[in-house]
Amino acid sequence: VVAMAGASLAHSTIQSNAQVGLANRLRGGPCRVHGPDLRVRIGETGMYAYPDVTVVCGPLELAPTRPESLENPRAVVEVLSDTTRDYDLGAKAAHYRHRASVQAILFIDSERRMVQLQIRNADGTWTLSDHVDGAVRLLDVEVPIDELYEGVVGLGVS
């Protein structure tokens, strides 16, 4: 369990940008985008998490917990801060990788312009890529890095 006491303005802005950007690009298809209030259950490890953004494609699979917990996320987005960076990139990412439905994990740093994408390959291995400019490709849509950081003073496009 990692204690969370609210988010910085940069964190909140990036989370919102990622949620809206993905939702706009995935609209009309089989995938839906959810914000940070949707709990995700990783049954293989027993972890419950509240990703900053969760993408689910197809029918929702919910565990009968209170609150309900999504069991089939296709992609998760975590906005990194100084206090969560090590846990998010380490142990939390390892939990997500255990879930077969998770095909992509996107980490967006809130303190420096850096986006890391982890993609599951067809053989089950993972590929890691770092991005500072251009766009990041997640679930067959391109999201510009500038858009993720839009409105973040010192890191984005005002």
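**View 1. Asn-72, a buried loop residue.** At 9% relative accessibility, Asn-72 counts as buried (buried means under 20% relative accessible area, exposed over 50%, and partly exposed in between, using a 1.4 Å probe and protein chains only). This is a predicted model, where local features need pLDDT of at least 70, side-chain atom pairs count only at pLDDT 80 or more, and totals for chains, interfaces and linings use all residues. Residues are numbered from 1 along each chain as its sequence is written, and side-chain values use heavy atoms, with hydrogens and water left out. You'll find Asn-72 in the loop between strand 6 (69-70) and strand 7 (75-80). Helices (H or I, at least four residues) and strands (E, at least two) are DSSP runs, numbered from the N terminus. The Asn-72 side chain reaches the backbone oxygen of Pro-59 at 2.9 Å. Setting aside neighbours within four places in sequence, Asn-72 is in contact with Val-56, Cys-57, Pro-59, Leu-60, Glu-61 and Ser-101 (contact means heavy atoms within 4.5 Å).

**View 2. A cis peptide bond leading into Pro-67.** Stay around strand 6 for this one: Pro-67 sits in the loop between strand 5 (62-63) and strand 6. The bond to look for runs from Arg-66 to Pro-67, and it is cis, with omega near -5°. Most peptide bonds, by contrast, are trans.

**View 3. Met-47 and its neighbours.** Met-47 belongs to strand 3 (residues 47-49). Is Met-47 buried or exposed? With a relative accessible area of 7%, Met-47 is buried. Not counting residues within four places in sequence, Met-47 is in contact with Val-40, Arg-41, Ile-42, Tyr-87, Lys-92, His-95 and Tyr-96. Leu-139, which gets its own view below, is 92 residues from Met-47 in sequence and 24 Å away in space, C-alpha to C-alpha.

**View 4. Tyr-96, buried in helix 2.** Tyr-96 was among the contacts of Met-47, and here the view shifts to Tyr-96 itself, part of helix 2 (residues 85-98). Its relative accessible area is 0%, so Tyr-96 counts as buried. Which residues does Tyr-96 touch, leaving out those up to four places away in sequence? They are Ile-42, Met-47, Ala-49, Pro-51, Val-76, Glu-78, Val-102, Ile-105 and Arg-120. Asp-82 is 14 residues from Tyr-96 along the chain, and the C-alpha atoms of the two are separated by 20 Å.

**View 5. Leu-139 and Asp-140, two residues with positive phi.** Both turn up in one loop: Leu-139 is between strand 11 (135-138) and strand 12 (141-144), and Asp-140 is also in the loop between strand 11 and strand 12. Phi of Leu-139 is near 50°, while Asp-140 has a phi of about 70°. Neither Leu-139 nor Asp-140 is a glycine. Why point this out? Because most residues other than glycine have a negative phi. As for cover, Leu-139 is partly exposed, with a relative accessible area of 21%, whereas Asp-140 is exposed at 63%.

**View 6. His-131 and its polar contact with Ser-129.** Here we're looking at strand 10 (residues 126-131), home to His-131. The side chains of His-131 and Ser-129 are joined by a polar contact of 2.9 Å (a pair of N or O atoms within 3.5 Å; within protein, one must be able to donate a hydrogen and the other to accept it, and residues adjacent in sequence count only if both atoms are side-chain atoms). At 18% relative accessibility, His-131 counts as buried. Beyond residues up to four places away in sequence, His-131 touches Met-114, Val-115, Leu-117, Val-136 and Ile-145.

**View 7. Stepping back to the protein as a whole.** How many helices and strands does the protein have? There are three helices and twelve strands. The radius of gyration is 15 Å, close to the 15 Å that the globule rule gives for 158 residues, so the protein is as compact as a globular protein of that length (the radius is taken over C-alpha atoms, and the rule is 2.2 Å times the number of residues to the power 0.38). Along the principal axes, the C-alpha atoms fill a box of roughly 40 × 35 × 30 Å. Buried residues make up 44% of the 158 residues. Among contacts with a separation of 6 or more, 48% are between residues 24 or more positions apart.
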